[in-house]
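Q: I am new to this structure and would like to learn how to read it. Could you walk me through a few features?

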Amino acid sequence: FSLKVVLSLTCKLKEAAKIHQIKHVVLVASGKGGVGKSTTAVNLAASLKCEGAKVGILDADIYGPSIPILLGLEGEKPQAKDEKTMLPFEKEGIKSQSIGFLVPAESAMVWRGPMASGALSQLLNETDWGELDYLIVDMPPGTGDIQLTMSQKVPASGAVIITTPQDLALADAQKGIAMFEKVKVPILGLIENMSHFICGHCGQESHVFGQDGGKKMAHRYGVPLLAEIPLQLDIREYGEQGKMIAADASSNIGEHYRKAARLVASQLYYQQTNKDTVEIIITDD
């Protein structure tokens, strides 16, 4: 006498907590400064906006806020919606908030880690973001208190790591990837800035800072290489003028950012749809 038992269970997985009405929080991070992280964050936001999404950007780089300059909002002061909530600034349809709007540009932020983390939490939670598809967070460089606070307390959908081809930058980027893996934040991909220089006369590519570093690292960790952004004068000029090169449809450089944004959006879409239900079937054979 034998008895066969078949048990079928359907489990509904609990969704990650949402901040207000924000669908996805994307952390843009780097292992070291000076690799173009803030410029990339702004242009990713602009690219997602061009695709029809509702986008905001939070400047989490407490000690060196760059977003007010890159958006052409330097010197602006935020307005209060009520006693507990601030209104974000809006530039070309992108909402933004930064400690740079609250502190004079010439002042140094001499804060210990807990103070900086507390200020960041206030900026995030006490801003009336409204309904957003994506909140791009420009993280400070490195793997310190603020990065851990954002990674552990904020329901981030994923992180984008910014690097350059140099071995030193890649070594620091590797530490950033390791940190996000430890706190269970998915790596959406790498973006290699200053990937190559295109000669304005002959059009030849020169790999000034090394070649294929980002590609090799992406392959090593099994994550996409979202873009290889060339070293181009236009990127700096647009940023200094408070403009977003990705919003310029005629710019070939902007297409690199727009392609990266589409890849990020598609990954987040499939990541979300694959989390709906899991069916578990147990059989006693």
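A: Happily! Keep in mind that this is a predicted model. Let us start with a pair of helices: helix 3 and helix 4 cross in a right-handed way.

Q: Which residues of helix 3 and helix 4 make the contact?
A: On the helix 3 side they are Gly-113, Pro-114, Ala-116, Ser-117, Leu-120 and Ser-121, and helix 4 brings Asp-145, Ile-146, Thr-149 and Met-150. Sorted by class, this contact has 5 nonpolar, 4 polar and 1 charged residues.

Q: How do I describe the way two helices pack?
A: Two packed helices are described by the angle between their axes and the distance between the axes. Here, helix 3 and helix 4 pack at about 40°, and their axes are 9 Å apart. Helix 3 and helix 4 are therefore oblique to each other.

Q: Which residues of helix 4 are buried?
A: A general idea helps with reading any helix: an α-helix has 3.6 residues a turn, so residues three or four places apart point the same way. In helix 4, which spans residues 145-153, the buried ones are Ile-146, Gln-147, Thr-149, Met-150 and Ser-151.

Q: What covers the buried residues of helix 4?
A: The cover includes strand 2 (21-30), helix 3 (113-125), strand 6 (131-138) and helix 5 (167-182).

Q: How many residues has the largest nonpolar core?
A: That core has 39 residues, and Ile-57, Ile-136, Val-160 and Ile-191 have the most contacts inside it. Apart from it lies another core of 37 residues, including Ile-22, Leu-27, Leu-58 and Met-150.

Technical notes: Residues are numbered from 1 along each chain as its sequence is written. This is a predicted model: local features need pLDDT of at least 70, side-chain atom pairs count only at pLDDT 80 or more; totals for chains, interfaces and linings use all residues. Side-chain values use heavy atoms; hydrogens and water are left out. Buried means under 20% relative accessible area, exposed over 50%, partly exposed in between (1.4 Å probe, protein chains only). Helices (H or I, at least four residues) and strands (E, at least two) are DSSP runs, numbered from the N terminus. Contact means heavy atoms within 4.5 Å. Axes are lines fitted to C-alpha atoms, for helices over the stretch in contact, and angles run from 0 to 180 degrees between N-to-C directions. Angles under 35 degrees count as roughly parallel, over 145 as roughly antiparallel, 65 to 115 as roughly perpendicular and the rest as oblique. A crossing is left-handed if the near helix is turned anticlockwise from the far one by less than a right angle, and right-handed if clockwise. Ala, Val, Leu, Ile, Met, Phe, Trp, Tyr, Cys and Pro count as nonpolar, Asp, Glu, Lys and Arg as charged, and the others, Gly among them, as polar. A nonpolar core is a set of buried Ala, Val, Leu, Ile, Met, Phe, Trp, Tyr and Cys residues joined through side-chain atoms within 4.5 Å.
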